[in-house]
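Here are a few short exercises to work through with the model open beside you. Try each task on your own before reading its solution.

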Amino acid sequence: MPARWQFLNQIFDDAATIFDIAVETPHKRLDLVTLHNEAANDLQQMVKLVFCTRNT
């Protein structure tokens, strides 16, 4: 009985590199500046809300 690697050798391409494999990368299109600005705006709104509710 032949070994497993003999069958796999026929199926898989040894010349393929990691770049030949299609991998979904959603972070590739992530804009960190926009994400930072949105978080900063949210933080400012929360701080305003806290200080406005304390003064009333």
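**Exercise 1.** In which helix does Lys48 lie? Then decide whether Lys48 is buried or exposed.

*Solution.* Keep in mind that this is a predicted model. Start with the secondary structure: the protein has two helices and zero strands. Lys48 belongs to helix 2. Next, take its relative accessibility, which is 57%. Exposed means over 50%, so Lys48 counts as exposed.

**Exercise 2.** Find how far apart the C-alpha atoms of Lys48 and Ala15 are, and set the overall dimensions of the protein beside that distance.

*Solution.* Along the chain, Lys48 and Ala15 are 33 residues apart. In space, their C-alpha atoms are separated by 59 Å. Now turn to the whole C-alpha trace, which spans about 85 × 25 × 10 Å along its principal axes. For the radius of gyration, a compact globule of 56 residues would come near 10 Å, whereas this protein has 27 Å. As a last step, look at burial: 0% of the 56 residues are buried.

**Exercise 3.** Which residues form the nonpolar patch on the surface, and where does Met46 lie?

*Solution.* The patch consists of Leu43, Met46, Val47, Val50 and Phe51. Together these residues have about 460 Å² of accessible area. Met46 lies in helix 2, which covers residues 32-55. With a relative accessibility of 51%, Met46 counts as exposed, because the cut-off is over 50%. For the wider setting, the protein has an accessible surface of about 6000 Å², and carbon and sulfur atoms account for 63% of that surface.

**Exercise 4.** How many salt bridges does a search of the whole structure find, and are the partners Arg29 and Glu24 buried or exposed?

*Solution.* The search finds one salt bridge. It joins the side chains of Arg29 and Glu24, with 3.7 Å from N to O; the limit for such a pair is within 4 Å. Arg29 is exposed at 63% relative accessible area, and Glu24 is exposed as well at 62%. To finish, count the charges: there are 5 positive and 7 negative side chains in the protein. The centres of these two sets lie 12 Å apart.

Key:
Residues numbered from 1 in each chain as written. Predicted model: local features only at pLDDT ≥ 70, side-chain atom pairs only at ≥ 80, totals over all residues. Heavy atoms only, no water. Buried < 20%, exposed > 50% of the residue type's maximum accessible area, 1.4 Å probe, protein only. Patch = residues over 30% accessible without salt bridge, like charges linked within 9 Å, V, L, I, M, F, W, Y side chains within 5 Å. Areas by Shrake-Rupley, 256 points an atom, 1.4 Å probe, with all protein chains shown as cover. Helix = DSSP H or I, 4+ residues; strand = E, 2+ residues; numbered from the N terminus. Rg over C-alpha atoms; globule rule 2.2 N^0.38 Å. Lys, Arg positive; Asp, Glu negative; His and termini not counted. Charge placed at Lys NZ, Arg CZ, Asp CG, Glu CD.
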